[in-house]
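Thanks for coming. I have one structure to go through, and I will take the DNA side first and the protein interior after that.

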Amino acid sequence: MARLDPEEYAELVLVCVEQVPRGRVTTYGAIAEAVGAVLGGGGPRQVGSVMSAYGGPVPWWRVVRADGSPPDCHDGEAHQHHLEEGTPLRPSGKVDLARALWRPTPDVVRGGRGDDRLG
DNA sequence: AATATGACTGTCT
DNA sequence: AAGACAGCCATAT
C-alpha cells in the first residue's frame with residue numbers, strides 16, 4: 001500500500017492550517033512534521049504542493065517559510081492579512097517567528113478530520 | 001528506471 | 001541582506 005494517500009495528506013495539511021490561531025503563523029516544515037508524525041512521511045515540499053492544489057479555501061497566509069517570509073507566489077496579499085490580524089511583523093517586513101510561530105500538534109491533526117468520532 | 005518540477009530548508013559566499 | 005547550491009520527499013512524464 002502507498003505510504004501516503006494524497007487525499008489524507010492534503011486533508012491533514014489543510015486541517016493544520018485551519019487550526020492556526022488568528023494573528024499567528026506556522027511554517028511548512030512544522031506542518032510537515034505534524035502530518036508526518038501521523039502518516040509517517042512527507043516534507044515541506046509536499047505541504048507546499050498540497051497548498052498549491054487545495055490551499056485556496058484555507059487561511060494560507062498563516063503559513064510562511066522557515067525564515068518568516070510569505071510564500072513566493074503571493075506577497076502583498078499575505079502582508080495585508082497579517083496587518084489585519086495583528087500578526088507580529090518584523091521591521092524587515094517578514095513575520096516575527098519568535099512571537100508569531102505556532103506549532104501544530106499531532107493530536108490536533110489526528111482529531112481534526114471532517115468526521116468526528118465520539119463527539 | 002531516469003529526469004524534471006515544486007506555495008521548502010539549510011549552508012556558504 | 002541577497003543570491004547560489006545542495007539536500008530532501010513525492011509526483012508526473
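**Helix H3, the DNA and a histidine**

Helix H3 contributes six residues to the surface near DNA strand B, the most of any element. Before I go further, please keep in mind that this is a predicted model.

H3 covers residues 44-54, and both H3 and helix H2, residues 28-39, supply at least two residues of that surface. Which residues come nearest to strand B? Of the 14 residues around DNA strand B, the nearest are Arg45, Gln46, Ser52, Arg65 and Ala66. On the DNA side, sugar and phosphate make up 43% of the strand B atoms that come within 4 Å of the protein. By residue type, the surface near strand B has seven nonpolar, four polar and three charged residues.

Now some individual atom pairs. Tyr28 has a polar side-chain atom 3.3 Å from a base nitrogen of DNA strand B. Met51 also has a base nitrogen of strand B at 3.3 Å, but here the protein partner is a polar backbone atom. Arg65 goes to the backbone of the DNA: a polar atom of the Arg65 side chain is 3.0 Å from a phosphate oxygen of strand B.

Back to H3, this time from the protein side. Which residues of H3 are buried? They are Val47, Val50 and Met51. Viewed down the axis of H3, these buried residues fall within an arc of 100°, so they line one face of the helix. The general background is that an α-helix has 3.6 residues a turn, so residues three or four places apart point the same way. On the other side of H3, the exposed residues are Arg45, Ser52 and Ala53. Arg45 and Ser52 were also among the residues that come nearest to strand B. The cover over the buried residues of H3 includes helix H1, residues 6-19, along with H2 and strand S2, residues 63-64.

Last item: His82, which is in helix H4, residues 76-85. Is His82 buried or exposed? With a relative accessible area of 3%, against a cut-off of under 20% for buried, His82 counts as buried. What does its side chain reach? The His82 side chain comes to 2.8 Å from the backbone oxygen of Trp61. Setting aside neighbours within four places in sequence, His82 is in contact with Val25, Trp61, Val64, Thr87, Leu89 and Val95. So Trp61 appears both as a contact of His82 and as the residue whose backbone oxygen the His82 side chain reaches.

That is the tour; I can go back to any part.

How values were computed
Residues numbered from 1 in each chain as written. Chains lettered and ligands numbered in written order. Predicted model: local features only at pLDDT ≥ 70, side-chain atom pairs only at ≥ 80, totals over all residues. Heavy atoms only, no water. Near = heavy atom within 4 Å. Polar contact = N/O pair within 3.5 Å; in protein donor to acceptor, adjacent residues only side chain to side chain. Helix = DSSP H or I, 4+ residues; strand = E, 2+ residues; numbered from the N terminus. Nonpolar A, V, L, I, M, F, W, Y, C, P; charged D, E, K, R; others polar. Buried < 20%, exposed > 50% of the residue type's maximum accessible area, 1.4 Å probe, protein only. Arc of directions from axis to C-beta. Contact = heavy atoms within 4.5 Å.
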